[in-house]
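Welcome, and thanks for taking a look at this one. Below is a short briefing to read alongside the sequence and the model.

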Amino acid sequence: MKKESLGQVLKQRRGAYAYTQRELAKKLGVKASHIAYLENGRRRPSLSLLSRIAETLELDKKRLFLLAHPEAHWITTEAREPSTARKREDAWRRFAGDRGTLARHKVTERELKVLKNVNMLGPVSGPNQFLFILNSIRQAIDEE
């Protein structure tokens, strides 16, 4: 499957509006040859022209910008969520480093080692989940 291009989008949308290249060029204040160059991928529009194209053809400005400048994709993307492994490690660090919580819940060194191993098994997204796991372990031991 071929990746979508700015030229394809322009040509398709221009066709949907039944505009000739000359008619669209007139509405945008450029020469018809410029529209042909854009549609054939031989030129990139300026930011102001991109904005006028978006308004005239009722297209999303961000989408057009990314089609015209795919190398700038990183600028428009939301900050990436940390990886699951990173979240797990951060949650563990916050839990293991919270001496107040550890003292309040009387977490032993042995229990900390068990919880650290539990952390390596799967996703633990927050420090409070370690307390749940710890209480579950204690309850299981008490029931033995």
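Among contacts in the chain between residues at least 6 apart in sequence, what percentage join residues at least 24 apart? The figure is 52%. Please keep in mind as you browse that this is a predicted model. The chain has 10 helices and 0 strands, and buried residues make up 33% of its 144 residues.

**Overall picture**

- Reading from the N terminus, you will meet the elements in the order α-α-α-α-α-α-α-α-α-α.
- The chain exposes about 10400 Å², and 52% of that area is supplied by carbon and sulfur atoms.

**Helix 2 and its surroundings**

- Helix 2 spans residues 21–28, and Leu-24, Ala-25 and Leu-28 are buried in it.
- These three residues lie on the same side of helix 2, because they cover an arc of only 100 degrees around the axis.
- On the face turned away from that buried side, helix 2 carries the exposed residues Arg-22, Lys-26 and Lys-27.
- The packing partners of the buried residues of helix 2 are helix 1 (6–16), helix 3 (32–39) and helix 4 (47–57).
- Just after helix 2 comes Gly-29, with a positive phi of about 80 degrees.

**Aromatic pairs**

- If you enjoy ring geometry, the structure holds 2 aromatic pairs.
- Tyr-17 and Tyr-19 make a stacked pair, because their ring planes are at 25 degrees, which is under the 30 degrees that stacking requires; the ring centres are 5.5 Å apart.
- Tyr-17 is partly exposed, with a relative accessible area of 25%.
- Trp-92 and Phe-95 form a tilted pair, with 6.0 Å from centre to centre and 45 degrees between the planes.
- Both Trp-92 and Phe-95 are buried.
- Trp-92 and Phe-95 belong to helix 7 (residues 84–97) and are 3 residues apart, so about one helical turn separates them.

**Positive phi outside glycine**

- As background, most residues other than glycine have a negative phi.
- Ala-18 has a positive phi, near 60 degrees, and sits in the loop between helix 1 and helix 2.
- Ala-18 counts as exposed because its relative accessibility is 62%, and the exposed class begins over 50%.
- Lys-106 also has a positive phi, of about 50 degrees, although it is not a glycine.
- You can find Lys-106 in the loop between helix 8 (99–104) and helix 9 (109–121).
- Lys-106 is exposed too, with a relative accessible area of 67%.

**The largest pocket**

- The largest pocket holds about 230 Å³ of space.
- Its lining includes Lys-3, Glu-4, Ser-5 and Leu-6.
- Further along the sequence, the lining of the largest pocket takes in Asp-60, Lys-62, Arg-63, Leu-66, Leu-67, Pro-70 and His-73.
- Helix 5 (residues 61–68) gives the largest share of this lining, with 4 residues.

Note on methods
Residues are numbered from 1 along each chain as its sequence is written. This is a predicted model: local features need pLDDT of at least 70, side-chain atom pairs count only at pLDDT 80 or more; totals for chains, interfaces and linings use all residues. Side-chain values use heavy atoms; hydrogens and water are left out. Rings of Phe, Tyr and Trp (its six-membered ring) pair if their centres lie within 6.5 Å; planes under 30 degrees apart count as stacked, over 60 as edge-to-face and the rest as tilted. Buried means under 20% relative accessible area, exposed over 50%, partly exposed in between (1.4 Å probe, protein chains only). Helices (H or I, at least four residues) and strands (E, at least two) are DSSP runs, numbered from the N terminus. The arc is that of the directions from the helix axis to the C-beta atoms. Contact means heavy atoms within 4.5 Å. Accessible areas come from the Shrake-Rupley method with a 1.4 Å probe; for residues, only the protein chains shown count as cover. On a 1 Å grid over the protein atoms alone, a cavity is a set of points where a 1.4 Å probe fits but cannot get out, and a pocket is an open set with protein on both sides within 12 Å along at least five of seven lines; lining residues have an atom within 4 Å of a point. Grid points are joined across faces, edges and corners, and a volume is the space filled by probe spheres set on the points.
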